[in-house]
Amino acid sequence: METDNNKKQKHATAYWKENLKYLAILLPIWFLVSYGAGILFKDWLDQFQIGGFKLGFWFAQQGSIYVFIILIFVYVRLMNKLDKKYGYDK
């Protein structure tokens with residue numbers, strides 16, 4: 001028979017694993033946009049334009065900031081759902 005403390009520990013471990021799964025998805029997106037689009041793929045992206053600016057330059061200067069803000073809102077939404085799922089929203 002499981003003790004109440006043991007159940008809480010398993011519950012917390014499952015919560016943390018799901019949180020890490022979300023981070024494992026969102027952090028590579030953050031890396032690809034900031035380092036990839038702004039530095040690694042800049043030359044290839046520069047063949048396209050957005051608002052009169054080369055796309056590589058745009059990502060390095062503004063696009064990455066927009067993506068960061070979107071990722072913050074996505075993470076907040078995912079964590080709110082996760083909190084509700086595991087009962088930590090109270």
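## Lysine 21 and helix 1

Lysine 21 counts as partly exposed, at 45% relative accessibility. You will find lysine 21 in helix 1, which covers residues 4–40. Please keep in mind that this is a predicted model. For a feel of distances here, take the C-alpha atoms of lysine 21 and alanine 60: they are separated by 27 Å, and the two residues are 39 apart along the chain.

Leucine 32 also has its place in helix 1. With a relative accessible area of 47%, leucine 32 is partly exposed. Leucine 32 belongs to a nonpolar surface patch of about 800 Å². The other residues that make this patch are Leu27, Trp30, Phe31, Tyr35, Ile39, Leu40 and Phe41.

## Overall build

Let's step back to the whole chain. The protein has 3 helices and 2 strands, and read along the sequence they follow the pattern α-α-β-β-α. The radius of gyration is 19 Å, whereas the globule rule gives 12 Å for 90 residues, so the protein is more spread out than a compact globule. Along the principal axes, the C-alpha atoms fill a box of roughly 65 × 25 × 15 Å.

Of the 90 residues, 26% count as buried. The accessible surface comes to about 7000 Å², and carbon and sulfur atoms account for 66% of that surface. As for contacts between residues at least 6 apart in sequence, 57% of them join residues at least 24 apart.

## A buried serine in helix 3

Serine 64 is found in helix 3, which runs over residues 55–86. At 7% relative accessibility, serine 64 counts as buried, because the cut-off for that class is under 20%. Once its neighbours within four places in sequence are left aside, serine 64 is in contact with Val33, Ser34 and Phe59. Of these partners, Val33 and Ser34 have numbers that fall within helix 1, while the number of Phe59 falls within helix 3.

## Aromatic pairs

There is plenty here for anyone fond of rings. A pair of aromatic rings is described by the distance of the centres and the angle of the planes. The count of aromatic pairs comes to 8. One of them joins phenylalanine 31 and tyrosine 35: the ring centres are 5.3 Å apart and the planes lie at 25°, so the pair is stacked. Both residues lie in helix 1, 4 residues apart, about one turn of the helix. Phenylalanine 31 is partly exposed, with a relative accessible area of 40%, and tyrosine 35 is partly exposed as well, at 37%. Phenylalanine 31 and tyrosine 35 also help to make the nonpolar surface patch.

The rings of tryptophan 58 and tyrosine 66 have their centres 6.0 Å apart and their planes at 45°, so this pair is tilted. Tryptophan 58 is buried, with a relative accessible area of 18%, whereas tyrosine 66 is partly exposed, at 46%. Elsewhere, Tyr15, Tyr86 and Tyr88 form one aromatic cluster.

## Salt bridges

The structure holds 4 salt bridges. One of them links lysine 8 with aspartate 4, where the closest N and O atoms are 3.9 Å apart. Lysine 8 and aspartate 4 both lie in helix 1, with their positions 4 residues apart, about one turn of the helix. Both ends are exposed: lysine 8 has a relative accessible area of 54%, and aspartate 4 comes to 52%.

A salt bridge between helices joins the side chains of lysine 85 and glutamate 18, at 3.0 Å from N to O. Lysine 85 lies in helix 3 and glutamate 18 in helix 1, so the pair ties together parts that are 67 residues apart in sequence. The two ends contrast in accessibility: lysine 85 counts as exposed, at 54%, while glutamate 18 is buried, with a relative accessible area of 14%.

Finally, the side chains of aspartate 43 and lysine 42 meet in a salt bridge, 3.9 Å from N to O. Aspartate 43 counts as exposed, at 66% relative accessibility, and lysine 42 is partly exposed, with a relative accessible area of 31%. Aspartate 43 and lysine 42 are linked with Asp46 in a network of salt bridges.

Key. Residues numbered from 1 in each chain as written. Predicted model: local features only at pLDDT ≥ 70, side-chain atom pairs only at ≥ 80, totals over all residues. Heavy atoms only, no water. Patch = residues over 30% accessible without salt bridge, like charges linked within 9 Å, V, L, I, M, F, W, Y side chains within 5 Å. Areas by Shrake-Rupley, 256 points an atom, 1.4 Å probe, with all protein chains shown as cover. Buried < 20%, exposed > 50% of the residue type's maximum accessible area, 1.4 Å probe, protein only. Rg over C-alpha atoms; globule rule 2.2 N^0.38 Å. Contact = heavy atoms within 4.5 Å. Phe/Tyr/Trp six-rings, centres within 6.5 Å; stacked < 30°, edge-to-face > 60°.
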